[in-house]
Amino acid sequence: MSKLLVTGGAGFIGSNFVHHVMAHTDDQVVVLDKLTYAGNLASLEGLPENRYEFVKGDICDRELVDDLVSKVDTVVHFAAESHNDNSLNNPEPFITTNLYGTFSLLEAVRAHDKRYHHISTDEVYGDLELDDPDKFHETTPYKPSSPYSSSKAGSDHLVRAWARSFGVRATISNCSNNYGPRQHVEKFIPRQVTNVIDGIRPKLYGQGLNVRDWIHVDDHNSAVLRILEAGEIGETYLIGANGEKDNKTVIELILSEMGQPADAYDHVNDRPGHDMRYAIDSTKLRTELGWQPKYNNFETGLAATIEWYRANEGWWRPQKAAVEAKYAAQGQ
Ligand code: NAD
Ligand code: DAU
């Protein structure tokens, strides 16, 4: 049994990770989360009280972080400002949380010699052409496009520097686009699903030819657990499940699953600097650590996700109107 500090545990992937850890290990979990607009305590309901503790706080608070890190065995760092569109409107919190916040955690794990796992994104590699036969792999050069992805790229570099210069026992994972329950309604799939529930037409940026490599959040989290169990210190692992789909296809699948005509969506303003395609080669994770995804059918996982949003309106409703007002103001 081990004690984990999970940063950003009230967010989408972090909260699903905490539920996953409770179901699949004997570990104790301390969640550190600032509860920004993206954090939701309702995502952590139903956890066993004797194995879980919640601390509301900022990863940039060096004293708090140092104290919490000193009391655990391992830090799993999910907390971030995570939405590209927000980073284009106001980059500052991305720089503070994603860069200074990571620095704060690294200094604490260095001081207390704790194991550290860093959650990152495939967006650090920039984008691929639609017809490029290649995918991202662990040695692809960094070429981030947005304030979000460049702040994540910078945080990855900090981790590697702390590992090499100070011997911090770190691993990094870079994952592709997650879908599943408890994702904020600002993100692509939850936004369209809740739009349809509300009788609003889904909104497709530009022509919708951009490709994302979708993975179910539970598959991301099973990979993170596997890396914690067996990952080699100092290594990076790419996490992906061969789920490439263009955005137009995803909207059409949502409409079909929700009983709407395939063309019942609007084209809206494109995202500035919009990355064209992400695609992950996860051979290293599969061959060296024996990891396999469980959700191999996107349509089935999507249907379950739609069902979750139908059944949990109370979870997303408080955010919906403000998110749509913000998008409407920028023609999206
Ligand atoms: P999210 O926005 O849903 O959740 C982020 C959480 O971090 C929230 O609970 C928020 O309150 C918390 N947080 C933000 N700033 C904080 C601070 N300064 N101190 C403490 N807590 C703070 O994000 P997500 O989609 O769950 O992403 C989690 C991690 O996974 C991020 O590091 C992101 O870069 C990475 N990632 C996400 C995806 C994806 O598809 N969503 C894919 C690959 C990697
Ligand atoms: O690749 C991993 C990344 O995936 C993570 O690092 C990010 O944290 C996560 O937010 C996600 O980034 P994207 O920018 O790819 O996700 P988003 O859900 O914002 O958009 C997915 C695609 O859908 C993208 O091409 C933009 C498009 N889109 C998005 C919205 C919100 C639309 O066409 N319409 C929309 O309304």
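This report describes aromatic pairs, helix packing and a few single residues in a predicted model.

Residues are numbered from 1 along each chain as its sequence is written, while chains are lettered from A and ligands numbered from 1 in the order in which they are written. Because the model is predicted, local features need pLDDT of at least 70 and side-chain atom pairs count only at pLDDT 80 or more, whereas totals for chains, interfaces and linings use all residues; side-chain values use heavy atoms, with hydrogens and water left out.

## Aromatic rings

A pair of aromatic rings is described by the distance of the centres and the angle of the planes. Rings of Phe, Tyr and Trp (its six-membered ring) pair if their centres lie within 6.5 Å; planes under 30 degrees apart count as stacked, over 60 as edge-to-face and the rest as tilted. By this rule there are 14 aromatic pairs. One of them joins Tyr125 and Tyr142: the ring centres are 5.3 Å apart and the planes stand at 80 degrees, so this pair is edge-to-face. Tyr125 and Tyr142 both lie in the loop between strand E5 (115–121) and helix H5 (147–166), so their pair ties together parts that are 17 residues apart in sequence. Helices (H or I, at least four residues) and strands (E, at least two) are DSSP runs, numbered from the N terminus.

How far the two tyrosines are covered is given by relative accessible area. Buried means under 20%, exposed over 50%, and partly exposed in between (1.4 Å probe, protein chains only). Tyr125 is buried at 3%, and Tyr142 is partly exposed at 23%.

Trp308 and Trp315 form another pair, with centres 5.2 Å apart and planes at 75 degrees, so it too is edge-to-face. Trp308 is buried at 17% relative accessibility, and Trp315 is buried at 12%.

Ring pairs also link Tyr100, Phe103, Trp162 and Phe166 into a cluster. Phe166 has a charge over its ring as well: the charged end of Arg110 sits 3.7 Å from the ring centre. A charge sits over a ring if NZ of Lys or CZ of Arg is within 6 Å of the ring centre and within 35 degrees of the ring normal. By this rule the charged end of Lys284 sits over the ring of Tyr237, 4.8 Å from its centre.

## Helices around H11

Two helix contacts involve helix H11 (residues 313–329). Axes are lines fitted to C-alpha atoms, for helices over the stretch in contact, and angles run from 0 to 180 degrees between N-to-C directions. Angles under 35 degrees count as roughly parallel, over 145 as roughly antiparallel, 65 to 115 as roughly perpendicular and the rest as oblique.

The axes of helix H6 (residues 188–197) and H11 come within 11 Å and cross at roughly 100 degrees, so H6 is roughly perpendicular to H11. Contact means heavy atoms within 4.5 Å. On the H6 side the contact is made by Arg191, Thr194, Asn195 and Ile197, and on the H11 side by Trp316, Lys320, Glu324 and Tyr327. These residues divide into three nonpolar, two polar and three charged. In this grouping Ala, Val, Leu, Ile, Met, Phe, Trp, Tyr, Cys and Pro count as nonpolar, Asp, Glu, Lys and Arg as charged, and the others, Gly among them, as polar.

Helix H10 (residues 298–311) packs against H11 at an angle of about 80 degrees, with the axes 6 Å apart, so H10 is roughly perpendicular to H11. Trp308, Tyr309, Arg310 and Ala311 of H10 meet Glu313, Trp315 and Trp316 of H11. The residues of this contact are five nonpolar, no polar and two charged.

## Four single residues

The table gives the place and relative accessible area of four residues.

| Residue | Place | Relative accessible area |
|---|---|---|
| Asn16 | helix H1 (residues 12–24) | 3%, buried |
| Asn221 | helix H7 (residues 217–230) | 0%, buried |
| Asp113 | loop between helix H4 (92–112) and E5 | 48%, partly exposed |
| Asn242 | loop between strand E11 (236–239) and strand E12 (244–246) | 52%, exposed |

Asn16 and Asn221 are 205 residues apart along the chain, and their C-alpha atoms are separated by 7.5 Å. Leaving aside neighbours within four places in sequence, Asn16 is in contact with Pro181, Arg182, Val217, Asp218 and Asn221. With residues up to four places away not counted, Asn221 touches Ile13, Asn16, Phe17, His20 and Phe78.

Asp113 is not a glycine, yet its phi is positive, at about 50 degrees. Asn242, also a residue other than glycine, has a positive phi near 55 degrees.
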